[in-house]
Amino acid sequence: MVRAEQVPEATRLRLDGGRPPSPEAVAAVNAVCDRAEDTGGSSPVIVELAGTPGRGWTGELTVGLVSKWERALRRLERLPTTTIAVADGDCGGLALDALLATDIRIATPSLRLVPVMADGATWPGMALHRLVQQVTGAAAVRRTVLFGTPLDAVRALELHLVDEVTLDTAAAVSAAAELAAGFAGTELAIRRQLLLDAHTVPFEEALGAHLAACDRELRRTSAEAAT
């Protein structure tokens with residue numbers, strides 16, 4: 001696992017994609033979310049990812065556990081702080097799930113995004129939804145979603161599923177944390193949600209949310225000006 005230790009104040013989460021979703025993985029993600037929410041998003045969350053499960057990985061899974069895992073990822077995706085992923089080698093299962101729920105994604109040249117297989121078909125988890133949602137057109141990831149064709153680092157970068165490919169992940173994480181400095185709290189979470197909704201929500205439905213965000217921002221800046 002490639003680590004990035006140049007942002008010591010960051011909250012860190014390490015997920016082994018070689019393991020299936022588990023109560024321990026759910027608890028680890030929720031603990032990181034608790035800490036980020038308790039501190040108001042004052043520092044970034046760095047998520048270190050690698051690994052993909054082998055055959056038989058679904059043996060102990062239940063729908064209830066999968067639901068808890070997906071809900072934990074949704075919390076990660078909505079945090080009031082910047083989330084920075086560092087992905088190395090084959091990333092499937094938990095690793096791919098978490099990567100697609102982060103804000104800034106840094107990969108090593110060995111990265112491959114690998115949708116996991118279950119009984120001769122790709123696993124129909126929310127990673128498939130995020131893959132399609134985050135690229136321009138479903139055709140770009142059709143073979144990946146339907147047949148599990150991996151996406152290497154070059155292709156993932158072309159599709160903007162990762163933001164940078166580098167061997168110096170520590171420097172890249174430090175630069176990402178510097179970029180994100182000062183952007184935290186509820187306002188960041190609102191902007192992220194508007195971004196996520198833009199791909200699927202029609203203009204007429206989105207307008208209300210954008211106007212509410214504008215109103216909130218005007219009230220906030222007016223209050224700051226009055227102090």
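This passage describes one helix, one buried residue and two pockets of a predicted model.

Helix H1 comprises 16 residues, residues 23-38. At 1.5 Å a residue, a helix of this length should span 22 Å, and the end C-alpha atoms of H1 are 22 Å apart, which agrees. The buried residues of H1 are Ala25, Val26, Val29, Val32, Cys33 and Ala36. These residues lie on the same side of H1, because the arc that they cover around the axis is only 130°. The cover over this buried side includes two strands, S1 (11-16) and S2 (45-51), and two helices, H2 (63-77) and H3 (94-99). On the face of H1 turned away from the buried side, the exposed residues are Pro23, Glu24 and Asp38. Gly40 follows H1 and has a positive phi, near 70°.

Helix H2, which takes part in covering the buried residues of H1, also contains Glu77. The relative accessible area of Glu77 is 4%; a residue counts as buried under 20%, and Glu77 is therefore buried. Leaving aside residues up to four places away in sequence, Glu77 touches Leu100, Ala101, Arg130, Arg192 and Leu196.

Two pockets were examined. The largest pocket holds about 440 Å³ of space. Its lining consists of 17 residues, and those nearest the centre of the pocket are Thr102, Arg105, Gln134, Leu195 and Leu196. Helix H8 (residues 186-198) gives the most to this lining, with five residues. By class, the lining of the largest pocket has six nonpolar, five polar and six charged residues.

The second largest pocket has a volume of about 160 Å³. Glu77 is one of its lining residues, together with Glu70, Arg74, Met126, His129, Arg130, Gln133, Gln193, Leu196 and Asp197. Arg130 and Leu196, which are among the residues that Glu77 touches, thus appear in this lining as well. Leu196 is also one of the residues nearest the centre of the largest pocket. At least two lining residues of the second largest pocket come from each of H2, helix H4 (126-133) and H8. H4 gives the most, with four residues. The lining of the second largest pocket divides into two nonpolar, three polar and five charged residues.

Notes: Residues are numbered from 1 along each chain as its sequence is written. This is a predicted model: local features need pLDDT of at least 70, side-chain atom pairs count only at pLDDT 80 or more; totals for chains, interfaces and linings use all residues. Side-chain values use heavy atoms; hydrogens and water are left out. The expected span of a helix is 1.5 Å times one less than its number of residues. Buried means under 20% relative accessible area, exposed over 50%, partly exposed in between (1.4 Å probe, protein chains only). The arc is that of the directions from the helix axis to the C-beta atoms. Contact means heavy atoms within 4.5 Å. On a 1 Å grid over the protein atoms alone, a cavity is a set of points where a 1.4 Å probe fits but cannot get out, and a pocket is an open set with protein on both sides within 12 Å along at least five of seven lines; lining residues have an atom within 4 Å of a point. Grid points are joined across faces, edges and corners, and a volume is the space filled by probe spheres set on the points. Ala, Val, Leu, Ile, Met, Phe, Trp, Tyr, Cys and Pro count as nonpolar, Asp, Glu, Lys and Arg as charged, and the others, Gly among them, as polar.
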